[in-house]
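Student: I'd like to learn how to read salt bridges in a structure. Can we walk through an example together?

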Amino acid sequence: MMKPSRMCVAALGVLAMAASVGSARDDDPMRILTVPGMGSGGARQVSMFSVGFESMEGFNTGLFTNNSPESWGTLGGPSSPIVTSDNPWMGTQHLRIGKEHSLPTNSDVGVLSPELAAPDGLEKFIFKVGVNINEKFGADYDLFLQSPSSSSAPAGRVKFEFTGRILVLDDGQFVDTGFEYDPGEWRETRVEIDYSSNAGGVAEYYYNDQLIWTDANRFDMSTFATQFGIVSDNFNDGDHGDFDGAMMVYVPAPGVGLPLGAGLLLGARRRRR
C-alpha cells in the first residue's frame, strides 16, 4: 500500500470538551475512584479515572458521537470513531478509530476524555491504555495527555506512526524511540510521570511493559495531565486502531489531598498541541 506524503506536525487543532458533573455518585460509572495506595512517604489516597467503553459506563455500540456520555468529546463524522464489540481487550466493548470518509486526510478523528479536577500537588501520574492497530502503512494514531484548562502545552504524547515506529513528543518535537508496535496484537502503552524529581518531572514511556523512552527534562510540558485524547490523522488505508482499558492514576504528594468531591471540571473549547 502506498502512503501519501505528509508532514509530521506537533500542533493539531482539537476540540477539548469536558464534563459538568457536580459530585460522584455510587451509581455513576464515570466517577473518580479513590483507593488506598502507597507513595514515597507511605500510605495515602490514590485517585484514578478508568474507562473500558462498556455499556455499564454509559457507552452503547455504534457511532461514538451518539452512543457515549455527554462528558466526552468527539472528533469525526458519520462513520468514525465507534464503540464496538468486535475485538475487546477486556470486557465486551472497546473504542475503534477507522476511516472517516466525510473528512479529508490529515483530519483528527478520535475522542477526548472528560477533564478531571487538577490536583493541588502530585507525586506521580500514570496513564495507560490497551492499543491494537491491525496493520501498518495506514494512519498515524496518537495518544496525548493535556491540561486544557491551564495550559496549551501537552503533558505527554505518543505517536504510533504509519511506518510502525513509536514516537514520543520531547522538547517540542517527535523523536523516534527506536521501537515498533506489534500489528494486530493488544499491547499496553503506559506513561509514568514522577513529579518528585527535578526538571519538571521525569516521564517514562512503556510499551508492552518495556521502557522505550525517558524524558528527563519536562519544563516544556504541562504541569499535570487532566485529560487524555486518542486520535488518528485519517490516512487510513484499510487499517483501524482499537483502544480499551484506559486509566489515569494520581498519587498525591505527602500531605496533599486531591479534590475528589469536585468530580469533573467544566472545560471550554481549546486547542491541543
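Student: Which kind of link do the side chains of K124 and E192 meet in?

Tutor: First, keep in mind that this is a predicted model. The general idea is that a salt bridge pairs a side-chain nitrogen of Lys or Arg with a carboxyl oxygen of Asp or Glu, within 4 Å. Here the N to O distance between K124 and E192 is 3.3 Å, so by that cut-off the two side chains form a salt bridge.

Student: Where in the chain do K124 and E192 sit?

Tutor: K124 belongs to strand β8 and E192 to strand β13, and the two are 68 residues apart, so this pair links distant parts of the chain.

Student: Is each partner buried or exposed?

Tutor: Buried means under 20% relative accessible area. E192 has 14%, so E192 is buried, while K124, at 30%, counts as partly exposed.

Student: How many salt bridges are there by this rule?

Tutor: The count comes to 13. One of them joins R190 and D209, with 2.9 Å from N to O. R190 lies in strand β13 and D209 in the loop between β14 and β15, so their pairing ties together parts 19 residues apart in sequence. R190 is buried at 11%, but D209 is exposed at 59%.

Student: Which residues are linked in a network of salt bridges?

Tutor: That network holds K124, E188, R190, E192 and D209. So both pairs we've looked at have their residues in it.

Technical notes
Residues are numbered from 1 along each chain as its sequence is written. This is a predicted model: local features need pLDDT of at least 70, side-chain atom pairs count only at pLDDT 80 or more; totals for chains, interfaces and linings use all residues. Side-chain values use heavy atoms; hydrogens and water are left out. Helices (H or I, at least four residues) and strands (E, at least two) are DSSP runs, numbered from the N terminus. Buried means under 20% relative accessible area, exposed over 50%, partly exposed in between (1.4 Å probe, protein chains only).
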